[in-house]
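Please take the sequence and the model together, and follow the paragraphs below with both in view. The path begins at the ligand and then moves outward to the rings and the loops.

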Amino acid sequence: MYVDRSVPVINAPLVDPFGRAITYLRVSVTDRCDFRCVYCMAENMTFLPKADLLTLEELDRLCSAFVDRGVRKLRLTGGEPLVRRGIMTLVGSLARHLKRGTLDELTLTTNGSQLAKYATELVDLGIERVNVSLDTLDAEKFRTITRWGELDKVLAGIDAAQRAGLRVKINAVALKGVNEDEIPRLVEWAHGRGMDLTLIEVMPLGDVGEGRLDQYLPLSIVRARLSERFTLDEIDYRTGGPARYVHVRETDGRLGFITPLTHNFCESCNRVRVTCTGTLFMCLGQDDAADLRTPLRASEANDLLHAEIDRAIARKPKGHDFVIDRRHTRPALARHMSTTGG
Ligand code: SAM
């Protein structure tokens, strides 16, 4: 099914103009999702026509081209990656890079709704850990945040994942007046089950029909409050992403903070993102993008594709400049997080 497209050119590692090596690719395999989280999507979203999407073979070819250029970590995301039809075929095929030792990690970020169905298969294919997004343990609140989600299903998915031997990290977006009082409980719950927890600041992506100022809770405040209750020790632990971790002494677990607004982490950025239509975003917080679908479809060989990737990486911006305050109430970027996958 997959053609060997190795080309007789030297596949040089990807290094951007600021000397940052690009070793991490996040791939949104679908823009569709079975949830409608209030900070992520509007309730009535228009999704892409299926014909615009890269096929599973094209996604494999695109990811593999990046692996050829030194990408060591691949994260499948979405929309909801586990609702993309045939997703396990893609996971299975990309897993060959793990076996060959050309990839360190293949993982996914999921809302957990389909994990009960797929956890065992993911482990069998070589996946070792997944990130599950979960902002609250209160079923009613969960329904309000996700609009369409069911907490029980997600908890069953997490149970299944852990039973199958997957390491699970929980990602929670800190939302003012929604889950802020619950964060200590989330810490205790996640750590009690042997899971890391990462808190995320809400980012101004896409018009979601609600004021960002109403949702935005700076993690500097959350951290200050948590340290009244817990002892937070700074640690060096990194997972290749932007989170900065502390060890919580009382619960003996790791707590991460992703702070695109209060503390910009762009200087160490090693990531780029590709959408399900093959659009490459060099920065989550900027609009500049490169169309990789055209060169991918223009030729059976990868020369054109590599040339376009090179041109894109050569203009990777220094960083983003998200702002949420009273003067900036419109989204910084028109596209939703479900397009680029977070
Ligand atoms: N459906 C999958 C999931 O729920 O994890 C993957 C895609 S989702 C877009 C990836 C992550 O982005 C989730 O943790 C979600 O909470 C987060 N997210 C979505 N919109 C966000 C925003 N505006 N600011 C910060 N995080 C956001």
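A polar contact is here a pair of N or O atoms within 3.5 Å. With that cut-off in mind, an oxygen atom of the ligand can be placed 3.4 Å from a polar backbone atom of Thr110, in what is a predicted model. A nitrogen atom of the ligand lies 2.9 Å from a polar backbone atom of Gly79, while a polar side-chain atom of Glu80 is found 3.0 Å from a nitrogen atom of the ligand. Taken on its own, the ligand has 550 Å² of accessible area, and the protein covers 95% of this.

Which residues of the shell are closest to the ligand? They are Tyr39, Gly79, Glu80, Ser133 and Met203, in a shell that counts 18 residues. By character, the residues of this shell divide into 7 nonpolar, 8 polar and 3 charged. Two strands contribute to the shell with at least two residues each, namely strand 3, which spans 105–110, and strand 6, which spans 196–201.

Strand 3 also holds Thr109, a residue that counts as buried because its relative accessibility is 12%, which falls under the 20% limit for that class. Between the C-alpha atoms of Thr109 and Tyr24 there are 14 Å in space, and the two residues are 85 positions apart in sequence. Tyr24 itself has a charged neighbour, for Lys73 lies over the face of its ring, at 4.7 Å from the ring centre.

From here the reader may turn to the aromatic rings. A pair of aromatic rings is described by the distance of the centres and the angle of the planes. The structure holds 2 aromatic pairs. In the pair of Phe35 and Phe142, the ring centres are 5.8 Å apart and the planes stand at 85 degrees, and the pair is therefore edge-to-face, since planes over 60 degrees apart are put in that class. Phe35 belongs to the loop between strand 1 (24–28) and helix 1 (56–68), whereas Phe142 belongs to helix 5 (residues 139–146), so the pair ties together parts that are 107 residues apart in sequence. Are these two rings' residues buried or exposed? Phe35 counts as buried, with a relative accessibility of 5%, and Phe142 is buried as well, with a relative accessible area of 3%.

Tyr237 and Tyr245 form an aromatic pair that is likewise edge-to-face, with 5.0 Å from centre to centre and 75 degrees between the planes. Tyr237 counts as partly exposed at 23% relative accessibility, but Tyr245 is buried, with a relative accessible area of 2%. What sits over the ring of Tyr237? The charged end of Arg254 does, at 3.6 Å from the ring centre. Tyr237 thus appears twice in this account, because its ring is paired with that of Tyr245 and also lies under the charged end of Arg254.

Arg254 leads on to another part of the chain, as its C-alpha atom is separated by 8.0 Å from that of Met195, although the two residues are 59 residues apart along the chain. Met195 is placed in the loop between helix 7 (183–192) and strand 6, and at 1% relative accessibility it counts as buried.

Two residues in loops deserve a look for their backbone angles. Phi of Arg147 is near 65 degrees, which is a positive value in a residue other than glycine, and Arg147 lies in the loop between helix 5 and helix 6 (151–164). With a relative accessibility of 18%, Arg147 counts as buried. Asp252, too, is a residue other than glycine with a positive phi, here near 50 degrees, and its place is in the loop between strand 8 (244–248) and strand 9 (253–258). Asp252, however, is exposed, with a relative accessible area of 59%.

The last stop is Arg96, which lies in helix 3 (residues 96–100) and is partly exposed, with a relative accessible area of 23%. Its C-alpha atom is separated by 29 Å from that of Leu197, a residue 101 positions away along the chain.

Note on methods: Residues numbered from 1 in each chain as written. Predicted model: local features only at pLDDT ≥ 70, side-chain atom pairs only at ≥ 80, totals over all residues. Heavy atoms only, no water. Phe/Tyr/Trp six-rings, centres within 6.5 Å; stacked < 30°, edge-to-face > 60°. Helix = DSSP H or I, 4+ residues; strand = E, 2+ residues; numbered from the N terminus. Buried < 20%, exposed > 50% of the residue type's maximum accessible area, 1.4 Å probe, protein only. Lys NZ or Arg CZ within 6 Å of the ring centre and 35° of its normal. Near = heavy atom within 4 Å. Polar contact = N/O pair within 3.5 Å; in protein donor to acceptor, adjacent residues only side chain to side chain. Areas by Shrake-Rupley, 256 points an atom, 1.4 Å probe, with all protein chains shown as cover. Nonpolar A, V, L, I, M, F, W, Y, C, P; charged D, E, K, R; others polar.
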